[in-house]
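Got your viewer open? Keep the selection box handy, and we'll go from stop to stop.

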Amino acid sequence: MQVPLLDLKAQYASLRAEMEPIVRDVLDSQYFINGPAVGELEADLAAYCGTDHAVGVSSGTDALVASLMSLGIYRSPLDEGPADEVITTPYTFFATAGSIWRVGARPVFVDIEPDTFNIDTTKIEAAITERTKAIIPVHLYGQLADMEPILALAKKYNLAVIEDGAQAIGAKQNGKPAGSFGDTGCFSFFPSKNLGGLGDGGIVTTNNAELAETLRECRNHGMNPKYYHKWVGANFRLDTLQAAGLKLKLPQLDSWHEGRRANAAFYDAAFANVDEITTPIVKPGNEMIYNQYIIRIPNRDEAIACLRENNIGCDIYYPVPMHQQECFAALGYKTGDMPNSEQAAAETLALPIYAELTDDQQQYVVDTLKTFLVANK
Ligand SMILES: *Cc1c(COP(=O)(O)O)cnc(C)c1O
């Protein structure tokens, strides 16, 4: 049996008949930039995320960069003095920290909770200085970080909150969707996310009308009106083709989340009496969308080798926390500074969780891991 970590073709098989004419329509229109589908997707996505506005951008990374720039966290070549600081988690995809660096701000890392892998909100206040301008919580694997304490700190210290919801579109906390808590919410349509595009794409959500306007300028070189620039933006536009494809997929997103949740429940039950394996913990009030299903297992690297030998896809998200990345060495962090992140990087692995997985495939994954554990006792 073969069980890939993600099988995009399985989803596409159910979409092909509708997707092909939609792509053809965009080709026939030759309206590739800012075509009508972009505004339509923005309206649909804002409604889905429970926000007043959504601004399509070129990727999840650019959603983060555009948010920072539009909130004024953006160093110009003429700025003097120390850089702004932005607090985030070291246990995330690189884009979160890379975006902070690229606008000329300094990433300040706060370790994670070991159970949810999200930023430990009890440790944020100690990291705030007079230069802190924003907090970027990451809703890792599809579960929201604890937003209440983050919003309270942001209010107390007058900080912006940018939600990195790249892995959490449609996830909720106490009934409220990701992307509706912060000043902005950033989402990615990278094909491996729960809502994947036909290539790169992203979107920024916000309830702030003025900020939405600034974001629209930002994604178009800060231009308003045409060929007049009051500030320096970039080309962060979302292609019409992407918007058209995503608009077709969005109405099915909740059913794909449901499929992932059912698959998570299957693994949860199958591993419930396996002491060696720790399955994902979902906090009360959180509705998780399982962009990844992450377990802790002893002899993790041997477990990965065993799964791969048996044609089961798996991966490590993420093997090197941000504070240990070479490019951030000058920030001065050292091994041991973020123990929970370092331990997660050493002990966790992702199992296949996509919606179209069959029970037989999941049972095969479970049996293979159980056999591995017996052999490695
Ligand atoms: C995927 C991802 C991003 C970046 O999204 P892209 O669309 O690939 O640029 C940012 N943050 C997190 C947590 C991600 O998982």
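Which helices each supply at least two residues of the shell around the ligand? Select helix H4 (60-70) and helix H5 (94-102): those are the two to look at. Helices here are DSSP runs of H or I with at least four residues, strands are runs of E with at least two, and both are numbered from the N terminus.

A quick note before moving on: this is a predicted model, where local features need pLDDT of at least 70 and side-chain atom pairs count only at pLDDT 80 or more, while totals for chains, interfaces and linings use all residues. Residues are numbered from 1 along each chain as its sequence is written, and side-chain values use heavy atoms, with hydrogens and water left out.

**Stop one: the ligand.** Show the 15 residues that surround the ligand, meaning those with a heavy atom within 4 Å of it. The closest are Gly60, Thr61, Asp164, Ser188 and Lys193. Color the shell by type and you get 5 nonpolar, 8 polar and 2 charged residues; Ala, Val, Leu, Ile, Met, Phe, Trp, Tyr, Cys and Pro count as nonpolar, Asp, Glu, Lys and Arg as charged, and the others, Gly among them, as polar.

Now draw some distances for polar contacts (pairs of N or O atoms within 3.5 Å). A ligand oxygen is 2.8 Å from a polar backbone atom of Gly60. For the side chain of Thr61, an N or O atom is 2.5 Å from a ligand oxygen, and for that of Lys193 the distance is 2.6 Å. Taken alone, the ligand exposes 380 Å², and the protein buries 93% of that (Shrake-Rupley areas, 1.4 Å probe).

**Stop two: a small set of strands.** Select S7, S6 and S10, which form an open sheet of 3 strands in that order, with antiparallel pairing. Strands pair if DSSP finds at least two bridges between them. At the edges are strand S7 (176-177) and strand S10 (286-287), each pairing on one side only. Strand S6 (residues 172-173) is joined to S10 by 2 bridges, and Lys172 stands opposite Glu287 in S10.

**Stop three: backbone oddities.** Most residues other than glycine have a negative phi, and most peptide bonds are trans. Go to Asn224 and Pro225, joined by a cis peptide bond with omega about -10°; Pro225 lies in the loop between helix H7 (209-218) and helix H8 (240-249). Next, the bond from Tyr317 to Tyr318 is cis, with omega near 15°. Tyr318 lies in the loop between helix H10 (300-309) and helix H11 (339-347). Finish at Tyr290, where phi is positive, near 50°, in the loop between S10 and strand S11 (293-296).

How values were computed
A polar contact is a pair of N or O atoms within 3.5 Å; within protein, one must be able to donate a hydrogen and the other to accept it, and residues adjacent in sequence count only if both atoms are side-chain atoms.
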